[in-house]
Amino acid sequence: MRGLPGTACRRRIYLMRHADVCYFDPAGRPLDPRHVPLTELGRQQAAAAAELLAEVAFDAAICSGLERTEETARIVLGARNLSLRHETRFKEVKAGRLADVPADMREQVVGYAYDAAHLPDASFMGGERWRDVQTRVLAAWHDLFADDSWLTLLLVAHDAVNRILLAHIAGAGLGGLNAFEQDPACINIIEMDVDAGRVERAFLRAVNLTGCDPIRANSHLTVLERVFRQYKPG
């Protein structure tokens with residue numbers, strides 16, 4: 001058994017959200033979210049995160065496999081000689097078709113999508129059920145600790161995925177998703193005491209740190225409020 005310096009069995013995860021992307025074309029029509037790349041702003045945000053993490057000696061790096069998480073992770077890793085593994089169970093929650101949502105309900109469904117996640121059979125905008133997302137994300141999370149080859153890990157995932165993990169650590173479950181904002185390229189620092197693959201203790205060192213605009217002086221909307229404002233129904 002080994003752990004971070006001064007500890008018996010403690011590990012650290014730097015959990016990031018991918019940097020900025022645009023989910024709509026110039027006309028405001030939804031794009032396929034599986035294939036959206038980082039914007040130029042997103043590349044700047046990822047570079048700012050890379051600067052914050054420049055001195056971190058990662059033992060392992062994982063992303064969800066979607067283009068935006070891989071691009072963010074590679075910018076953060078820079079010249080480190082470290083392979084980047086894909087874990088598809090950390091992919092973002094799948095939404096339903098926004099066009100199927102009545103026009104007068106769209107702002108509520110998009111801008112407040114996390115508020116009802118704890119309700120029975122609740123889904124994300126008519127798509128994947130929250131309890132199913134939680135099951136796959138936490139299964140992947142627990143499997144990380146069966147591997148004792150790492151002490152410090154970079155994990156680049158998505159807004160909803162990160163919220164599920166943070167709420168789980170805080171003991172809030174799906175009812176806590178709306179409390180954990182995850183801005184583009186944000187960094188969360190999580191530490192866990194792990195004994196024989198089992199997490200005995202977990203806590204949050206930091207949540208939603210960003211290299212760009214760290215005090216959010218010019219940002220007053222939530223992530224999903226910003227997404228809704230990019231949408232322009234035809």
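The following conversation goes through the sheet, the aromatic pairs and two backbone features of a predicted model.

Reader: Which conventions apply to this model?
Author: The model is predicted, so local features need pLDDT of at least 70 and side-chain atom pairs count only at pLDDT 80 or more, while totals for chains, interfaces and linings use all residues. Residues are numbered from 1 along each chain as its sequence is written, and side-chain values use heavy atoms, with hydrogens and water left out.

Reader: What is the order of the strands in the sheet?
Author: The open sheet has six strands in the order 3-2-4-1-5-6, with mixed pairing. Strands (E, at least two residues) and helices (H or I, at least four) are DSSP runs numbered from the N terminus, and two strands pair if DSSP finds at least two bridges between them.

Reader: Which strands stand at the edges?
Author: Strand 3 (84-86) and strand 6 do; each has a single partner strand, so one side of each is left without a neighbour in the sheet. From one strand to the next, the twist averages 25°.

Reader: And how does strand 1 pair with strand 5?
Author: The two run antiparallel and are joined by seven bridges, strand 5 covering residues 187-195. Ile13 stands opposite Ile190 in strand 5.

Reader: What about strand 1 and strand 4?
Author: Strand 1 pairs with strand 4 (residues 152-157) in the parallel sense, over six bridges. Here Leu15 is opposite Leu155 of strand 4.

Reader: How many residues of strand 1 are buried?
Author: Seven of its eight residues are buried, so strand 1 is mostly covered. Buried means under 20% relative accessible area, exposed over 50%, and partly exposed in between (1.4 Å probe, protein chains only).

Reader: Which strands does helix 5 touch?
Author: First, helix 2 (residues 67-77) lies across strand 1, strand 2, strand 3 and strand 4, at about 145° to strand 4. Helix 5 (residues 159-169) packs on the sheet and touches strand 1, strand 4, strand 5 and strand 6, with its direction at about 145° to that of strand 1. Contact means heavy atoms within 4.5 Å; axes are lines fitted to C-alpha atoms, for helices over the stretch in contact, and angles run from 0 to 180 degrees between N-to-C directions.

Reader: Changing topic, how many aromatic pairs are there?
Author: A search of the whole structure gives seven. Rings of Phe, Tyr and Trp (its six-membered ring) pair if their centres lie within 6.5 Å; planes under 30 degrees apart count as stacked, over 60 as edge-to-face and the rest as tilted. One of the pairs is Phe24 with Tyr231, whose ring centres are 5.8 Å apart and whose planes are at 40°, so this pair is tilted.

Reader: Where do Phe24 and Tyr231 lie?
Author: Phe24 is in the loop between strand 1 (10-17) and helix 1 (40-52), and Tyr231 is in the segment after helix 6 (223-230), so the pair ties together parts that are 207 residues apart in sequence. Phe24 is buried at 8% relative accessible area, and Tyr231 is buried at 12%.

Reader: Why is the pair Phe124 and Trp130 edge-to-face?
Author: Because the planes of Phe124 and Trp130 are at 70°, with the ring centres 5.5 Å apart. Tyr114 joins Phe124 and Trp130 in one aromatic cluster.

Reader: Which residues other than glycine have a positive phi?
Author: Asp121, with phi of about 60°, and Arg216, with phi near 55°, are examples. Asp121 is partly exposed at 47% relative accessible area, whereas Arg216 counts as buried at 19%.
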